[in-house]
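Reader: Hi! I have a new model open and would love to talk it through with you. Could we start at the surface and work inwards?

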Amino acid sequence: ANDDCARPWKAGLWRPVDAAQTFLRDPQIEADGWTLARTIAGEQHMRVFTRQSGGHLSLRIEGVVAHDGARILSVLREVDLLERWNRFCDGAETLSLLSPTELWAAAGVALPWPVPKLSLLIHAHVAPDPTGHAVIAVAQSPSASVVQPSNVRLPPFLRGRAPLPVHLAVARLRTLPPQAQSNGQATRQRTGGDIFITFDMSAIGLVPSAGVPTWLINIIVYIAVPSIWHG
């Protein structure tokens with residue numbers, strides 16, 4: 001999968017539809033080396049799978065959020081408000097708005113001790129799914145194939161931190177039929193989420209050559225993912 005991320009488009013960026021077709025296809029979980037790491041039941045349920053190779057940690061997340069897709073995209077688009085609802089973010093800023101659907105953004109990542117505070121820098125792009133019933137979002141950090149524009153620089157409060165590179169993140173949000181509530185109130189909108197993300201954890205200095213340590217995977221899966229998902 002990491003080699004696939006080098007497919008060229010616009011200075012090495014993945015086209016949203018191509019990324020979704022490649023990484024969000026129905027997974028052969030066991031055959032592809034995925035491990036079920038967490039299941040969350042309830043209205044906003046989810047399943048979290050993990051897979052690692054060397055210093056790369058991949059997550060595959062499937063679930064349902066009890067809101068409509070437009071609201072979810074609005075929350076993600078409001079980069080400067082991330083720290084208000086995500087307790088693992090200690091600041092965020094839009095660096096360059098290329099269009100209503102494409103931007104460069106940066107954020108501070110504050111995971112529990114002993115993980116140091118990190119910086120996150122990504123290019124993000126949103127596009128409609130060809131089916132007309134979903135939207136696809138892709139994000140990537142600068143790399144040899146993803147060129148960082150000269151006018152895109154980390155904010156002062158993030159400089160000096162170790163980076164947490166997002167090798168590739170792709171998400172598909174699809175509208176689901178509304179769900180009737182048992183208390184007789186109006187039906188609630190629902191959105192299905194299918195997400196793939198690969199971090200290059202070797203950059204933070206806590207990953208030995210044998211791979212990402214279990215305690216670090218547990219921090220990401222058992223703390224960050226459920227909190228962010230419910231938030």
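Reader: Which residues gather in a patch of negative charge on the surface?
Author: Glu78, Asp80, Glu83 and Glu93 form that negative patch. Bear in mind that this is a predicted model. Asp80 sits in the loop between α2 (69–77) and α3 (82–85).

Reader: Thanks! And how much area does the protein chain expose?
Author: About 11700 Å², with carbon and sulfur atoms supplying 54% of it. On the inside, 46% of the 231 residues count as buried.

Reader: What pattern does the chain follow along the sequence?
Author: The order is α-β-β-β-α-α-β-β-β-β-β-β-β-α. That comes to four helices and 10 strands.

Reader: I'd like a feel for the long-range contacts too. What share comes from residues 24 or more positions apart?
Author: Such pairs make up 58% of the contacts with a separation of 6 or more.

Reader: Let's look at helix α1. Which of its residues are buried?
Author: Helix α1 covers residues 16–23, and its buried residues are Pro16, Ala19, Ala20, Thr22 and Phe23.

Reader: And what do those buried residues pack against?
Author: Their partners are the strands β3 (56–65), β6 (118–128), β7 (134–140), β9 (166–179) and β10 (188–200).

Reader: On to electrostatics. How many salt bridges does a search of the whole structure find?
Author: Seven. As background, side chains of opposite charge can pair when their charged atoms come close.

Reader: Asp18 is in that helix, so what does Asp18 form a salt bridge with?
Author: With Arg15, where the closest N and O atoms are 3.6 Å apart. Asp18 is partly exposed, at a relative accessible area of 22%, and Arg15 is partly exposed as well, at 39%.

Reader: What about Asp90, which side chain does it meet in a salt bridge?
Author: Asp90 meets Lys117, at 3.6 Å from N to O. This pair links distant parts of the chain: Asp90 belongs to strand β4 (residues 89–99), while Lys117 is in the loop between β5 (102–109) and β6, 27 residues apart.

Reader: Why does Asp90 count as partly exposed?
Author: Because its relative accessibility is 23%, and the partly exposed class runs between the 20% limit for buried and the 50% limit for exposed.

Reader: Now Arg172 and Asp194: are they buried or exposed?
Author: Both Arg172 and Asp194 are buried. The two form a salt bridge, with the closest N and O atoms 3.9 Å apart. Arg172 lies in strand β9 and Asp194 in strand β10, so the salt bridge ties together parts that are 22 residues apart in sequence.

Reader: Nice. Which residues are linked with them in a network of salt bridges?
Author: The network also takes in Arg60 and Asp129, alongside Arg172 and Asp194.

Reader: Tell me about Asp129 then. Where does it lie, and what does it touch?
Author: Asp129 is in the loop between β6 and β7. Not counting residues up to four places away in sequence, Asp129 touches Ala134, Val135, Ile136 and Arg172. Asp129 is buried, with a relative accessible area of 11%.

Reader: Changing topic: I'm checking backbone geometry. Which peptide bond is cis?
Author: One that is cis runs from Trp113 to Pro114, with omega near 10°. Pro114 is in the loop between β5 and β6. For context, most peptide bonds are trans.

Reader: Leu111 caught my eye as well. Where is its place?
Author: Leu111 is in the loop between β5 and β6. Leu111 is buried, at 15% relative accessible area.

Reader: And what is Leu111 in contact with, leaving aside neighbours within four places?
Author: Phe88, Ile219, Ile220 and Ala224. Leu111 and Phe88 are 23 residues apart in sequence, yet their C-alpha atoms are 5.7 Å apart.

Reader: Last one, about Pro213. Is it buried or exposed, and where is its place?
Author: Pro213 counts as buried, with 16% relative accessibility, and its place is the loop between β10 and α4 (214–230). The C-alpha atoms of Pro213 and Gln52 are separated by 10.0 Å, with the two residues 161 apart along the chain.

Definitions and conventions: Residues numbered from 1 in each chain as written. Predicted model: local features only at pLDDT ≥ 70, side-chain atom pairs only at ≥ 80, totals over all residues. Heavy atoms only, no water. Helix = DSSP H or I, 4+ residues; strand = E, 2+ residues; numbered from the N terminus. Buried < 20%, exposed > 50% of the residue type's maximum accessible area, 1.4 Å probe, protein only. Contact = heavy atoms within 4.5 Å. Areas by Shrake-Rupley, 256 points an atom, 1.4 Å probe, with all protein chains shown as cover. Patch = residues over 30% accessible without salt bridge, like charges linked within 9 Å, V, L, I, M, F, W, Y side chains within 5 Å. Salt bridge = Lys/Arg side-chain N within 4 Å of Asp/Glu carboxyl O. Lys, Arg positive; Asp, Glu negative; His and termini not counted. Charge placed at Lys NZ, Arg CZ, Asp CG, Glu CD.
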